[in-house]
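Hi everyone, thanks for making the time. I'd like to walk you through a few spots in the model on screen, so please have the viewer open.

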Amino acid sequence: MNRIRPRSRVVFRIFLSYLLVFAVPFVVFAVFVYYNAVVSLRHGIEAANLDKLNQVRDTFDLMESSLEQTAARISIDPRLTPYMVRSGSYQTIEAIEELAKYKANNALAEEVLLYFRGDSDIYSSKGKNSLGTFASAVYGFSDWNNSSLYRDLNEPTSLHIRPAEPVAAGNEQANMLTYLVPIPRNSPSPYATVMFIIRESVFTDRIKQLLGDFKGAVYVLDEKGNALASRSAGSRLGKEETVEALRNHADPGIQGTTIGREKYSVMVAKSAITGWSYAAVMPTDQFMGRVLKMKTLVLLLCALVTGVGLAAAVLLTRLQYRPIRGIVEHIRSTLGGPAQPAGARDEWTMIRETVDANADLQQRIAHLRPVAQEQFFLRLLMGHAGSADTAEAFMSREGIALGGNAHFAALVKWGAKEYVSSHQREEALRTLSAAALPSGAQPSIFGVELIHENAIALVVSLTAETDSREVRQLQQRIAEEMARHIERISRSKPTIGVGNPVAGLPDINRSYIEAMAAVDYRLQSREGNIIFFDEIAALQEESDGWYPIEEQVRLVQSIKQGDSEMAGAAMAAILRDLSGKEISVFYLKCMCYDLINTVLRTMNELRIELPLASRRAMAEFVTPEELGAAMNELLGELCDRVRASKESKNTALRDDILAYIRDHFREYDIGLEKIADQFQISISYFSRFLKDQTGLTFTELLTNMRMEEVKQELRGTDKAIKDIVTGVGYIDVPNFMRKFKKAEGITLGQYRQLYANMNDKAL
């Protein structure tokens, strides 16, 4: 076990992988640095800075686009039209407040101003000022007097940008850019101008990271080559000569040039939207010292790590191969194959194939196991579980313990007006399955919820002597103990119907039909009682010589359950009894017509109408055999209708649940328990029902609805993102934002911007 098999391909792959991890990358890197350090490292640094430059360009394109969008919204804002603003002092105050909102929503602008052409006043988020006061007192522009300000606000019909210049704003001195947008856009005769005042530091702070610890300068140039903003670090370059050099090297990309007898690398990124150029100028020689130092360091490091890596690769290969060999031998022994040496074939292939073959299957089995168990017991109750061997094999595979020599079904049914929450139902099922019932019986119980009947069905298995009286006593004790548990949990007294015990589990369907019949007789006793099927005859008015009342009850309940096989068996038993009676023809016909009336009364109770021909065939009989043939055909059609009705109820329940979720998904406290309680079903049943009907879990369905609502709000409204997210029921906004980005590949803001740009292009 501890020795490495030299012929194993897995051993070779492990050793080779460690070589690649520890040694090869460093050796390759050392050779690369030795021969290409000067050119490649310089180009790498330049390319990295060019990438940063492109990022800055993209950032400012978005910011510039936001300025234009702000101006566009101002142009269509009904509170900022010339008529409204000039209508009076109240409207002026409203306009100032509106401008303040636009300023608050724009992260780029220091101030947002609105000027109506020909006026002597200008409006800002701080108030209304004359042009003279604005240019001299509010913002003291060094190169912008009253007349030039008036000209620049009134004459341009397209975008106009003034480069950064010193401005005195109150007690603060700062360099400011001004961005003038005539409105409406692309109009030959605009009626107003929107002015944005932007600090130069907004640009320079974002682009200073380009320089890092290198010497150089970064410039932002307009479409005419004029410097809008600049930043330098340890550079002796003059601004004018640098700008002139940039005009001569305006093409995007990386270029070399000479400025003042020194070589420089010029990196340029140009915006196709604004026409602005973003340029970085760095001395080329400053890369050389770093290249030489890095080359020596990398060579020494690679030599050291290569030696250590070889030794580590051998050691780690030995350590990693041991558990792999053990896993492979365990797989072979589990599958019944020979315990061959692990090196005889590819171990990874065997492990991968085994895991792939079982992982998905195990996951599906784990997820569907509760559903499968519930479906098994439902089929068992309905008489469709197959033979005893089939049932035993399923229970053995799923770990279901229903031992014993006697089995019976019990039905716990609440009244129509009794409210039992989903939590109480689930607790009742869980408690009864684990309850410490009479020890002498050693019972095992499994429960299934019947949502349409407002009931739960229980399968009880117990070990007892063959004496029917002892079994009957144990049934009584178990039923009474179950009633106490249910009453404690639900705070109500349901009716419990108990069927007769059967010897084999496949026959439990008969006991279930009897339990249903017993519950139906609660009106003749009292709700909250425990009713045994074998006591039903005592509750009826007996008629000497009549056919067995027990079989009549089984017939009625079989029809109500849609069980044509059990209904046919009950009908056959009744007809056999009639055929063997020594009575007059008149009395025999009375019994037959009573049997027909029983079936018709059940149809009326179920509100099922069958064709007249089918009903007429029952009355046109001469012998009990002819009545049986007509009845069997009718019972099959009737049971089919009952099953179809139950399936339609499932569809209706699914539609009601989906409608409820659509109406309430915006509520933050909506959850499985709340919806299950709304529809009076257990949480586990609701979860499995929704998955079975829609293919989605509750969480997946709720998330999809909320995602679609958020996307619709982002496309169609200007609400704040936080308000949109909280409006669909999410309290943890950052968590939802992470989910949205994972699902859509972009952030919420980028999604809104994407559709805003698409709408602009469409217009």
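Let's begin at the ring of Trp144: the charged end of Arg162 sits over it, 4.3 Å from the ring centre. Do keep in mind that this is a predicted model. Trp144 also has aromatic company, since ring pairs link it with Phe134, Tyr139 and Phe141 into a cluster.

How many aromatic pairs does a search of the whole structure find? The count is ten. A pair of aromatic rings is described by the distance of the centres and the angle of the planes. Take Tyr730 and Phe736: their centres are 4.6 Å apart, with 45° between the planes, and that makes the pair tilted. Both Tyr730 and Phe736 are buried. Here, too, an arginine joins in: Arg706 lies over the face of Tyr730, at 4.9 Å from the ring centre.

Now please scroll over to helix 8, residues 239-248. Which of its residues are buried? They are Thr242, Val243, Ala245 and Leu246. These four cover an arc of only 160° around the axis, so they end up on the same side of helix 8. If you turn to the face pointing away from that buried side, you'll meet the exposed residues Glu240 and Asn248.

And what covers the buried residues of helix 8? The cover includes strand 8 (216-221) and strand 9 (227-233), along with strand 10 (253-259), strand 11 (262-270) and strand 12 (277-283).

That's my tour, and I'm happy to go back to any of these spots.

Methods
Residues are numbered from 1 along each chain as its sequence is written. This is a predicted model: local features need pLDDT of at least 70, side-chain atom pairs count only at pLDDT 80 or more; totals for chains, interfaces and linings use all residues. Side-chain values use heavy atoms; hydrogens and water are left out. Buried means under 20% relative accessible area, exposed over 50%, partly exposed in between (1.4 Å probe, protein chains only). Helices (H or I, at least four residues) and strands (E, at least two) are DSSP runs, numbered from the N terminus. The arc is that of the directions from the helix axis to the C-beta atoms. Contact means heavy atoms within 4.5 Å. Rings of Phe, Tyr and Trp (its six-membered ring) pair if their centres lie within 6.5 Å; planes under 30 degrees apart count as stacked, over 60 as edge-to-face and the rest as tilted. A charge sits over a ring if NZ of Lys or CZ of Arg is within 6 Å of the ring centre and within 35 degrees of the ring normal.
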